[in-house]
Amino acid sequence: MLRVIRHWFDPEQERTVGHRPDYRYSLANERTFLAWVRTGLALLGGGLAVAGFLPRLRVTHLREAIAVVLLVLGGAIGLHAVDHWARSERAMRLDQPLPPSRLPAVLALTLALGALALIIIIAVAGMR
């Protein structure tokens, strides 16, 4: 685990592995990393907004649960972003296939299930 984290903070060590890839691929990898970071920041901001500004809901602790889910997703995406960036850079240097990522599917499924749950809660609350 510490070795993985060390790769995140020591890109100089990565530059000694394999051969230098076309800089366009490295820049594309970096843009993907930044896009994931923006997504994580948006989820963190959404979690803070829900916790701070959404009025109390009829369902006990629903507001807090939504905020916590958004904050956890935002943090997980940030960690995934840096890990995927480092693994992709290493794979390009070693002429290996890029590492697969399940996070886009997990994120999409989580958002869909969250939306469905909120629709159900709103429908039930509207019936009262």
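**Exercise 1. Determine how the residues lining the second largest pocket divide into nonpolar, polar and charged.**

Solution. The lining divides into 11 nonpolar, two polar and no charged residues. In this classification Ala, Val, Leu, Ile, Met, Phe, Trp, Tyr, Cys and Pro count as nonpolar, Asp, Glu, Lys and Arg as charged, and the others, Gly among them, as polar. The structure is a predicted model, in which local features need pLDDT of at least 70 and side-chain atom pairs count only at pLDDT 80 or more, while totals for chains, interfaces and linings use all residues. Residues are numbered from 1 along each chain as its sequence is written, and side-chain values use heavy atoms, with hydrogens and water left out.

Next, locate the lining. Of its 13 residues, Ile-66, Val-69, Thr-110, Gly-114 and Leu-118 lie nearest the centre of the pocket. Helix 4 and helix 5 each supply at least two lining residues, and helix 5 gives the most, with seven. The space in this pocket is about 260 Å³. On a 1 Å grid over the protein atoms alone, a pocket is an open set of points with protein on both sides within 12 Å along at least five of seven lines, whereas a cavity is a set where a 1.4 Å probe fits but cannot get out; lining residues have an atom within 4 Å of a point. Grid points are joined across faces, edges and corners, and a volume is the space filled by probe spheres set on the points.

**Exercise 2. State which elements make up the protein chain, and in what order they run.**

Solution. The chain has five helices and zero strands, running α-α-α-α-α from the N terminus. Helices (H or I, at least four residues) and strands (E, at least two) are DSSP runs, numbered from the N terminus.

**Exercise 3. Identify the residues of the largest nonpolar core and the helices that supply them.**

Solution. The core has 12 residues: Trp-36, Leu-43, Val-50, Leu-62, Ile-66, Ala-67, Leu-70, Leu-73, Ile-77, Ala-81, Leu-103 and Leu-107. Helix 3, helix 4 and helix 5 (103-127) each supply at least two of them; the largest share, seven residues, comes from helix 4. A nonpolar core is a set of buried Ala, Val, Leu, Ile, Met, Phe, Trp, Tyr and Cys residues joined through side-chain atoms within 4.5 Å. Buried means under 20% relative accessible area, exposed over 50%, and partly exposed in between (1.4 Å probe, protein chains only).

**Exercise 4. Describe the lining of the largest cavity and the surroundings of His-84.**

Solution. One cavity of 30 Å³ or more is counted. The lining of the largest cavity consists of Asn-29, Thr-32, Phe-33, Trp-36, His-80, Ala-81, His-84 and Trp-85. Helix 3 (23-53) and helix 4 (62-93) are the elements that give two or more residues to this lining. Of the lining residues, His-84 is found in helix 4 and counts as buried, at 14% relative accessibility. Leaving aside neighbours within four places in sequence, His-84 is in contact (heavy atoms within 4.5 Å) with Pro-99, Pro-100 and Ser-101.

**Exercise 5. Characterise the aromatic pair formed by Phe-33 and Trp-85.**

Solution. One aromatic pair is counted. Phe-33 and Trp-85 form this tilted pair, with 6.3 Å centre to centre and 50° between the planes. Phe-33 lies in helix 3 and Trp-85 in helix 4, so the pair ties together parts that are 52 residues apart in sequence. Rings of Phe, Tyr and Trp (its six-membered ring) pair if their centres lie within 6.5 Å; planes under 30 degrees apart count as stacked, over 60 as edge-to-face and the rest as tilted. Phe-33 counts as partly exposed, at 24% relative accessibility.
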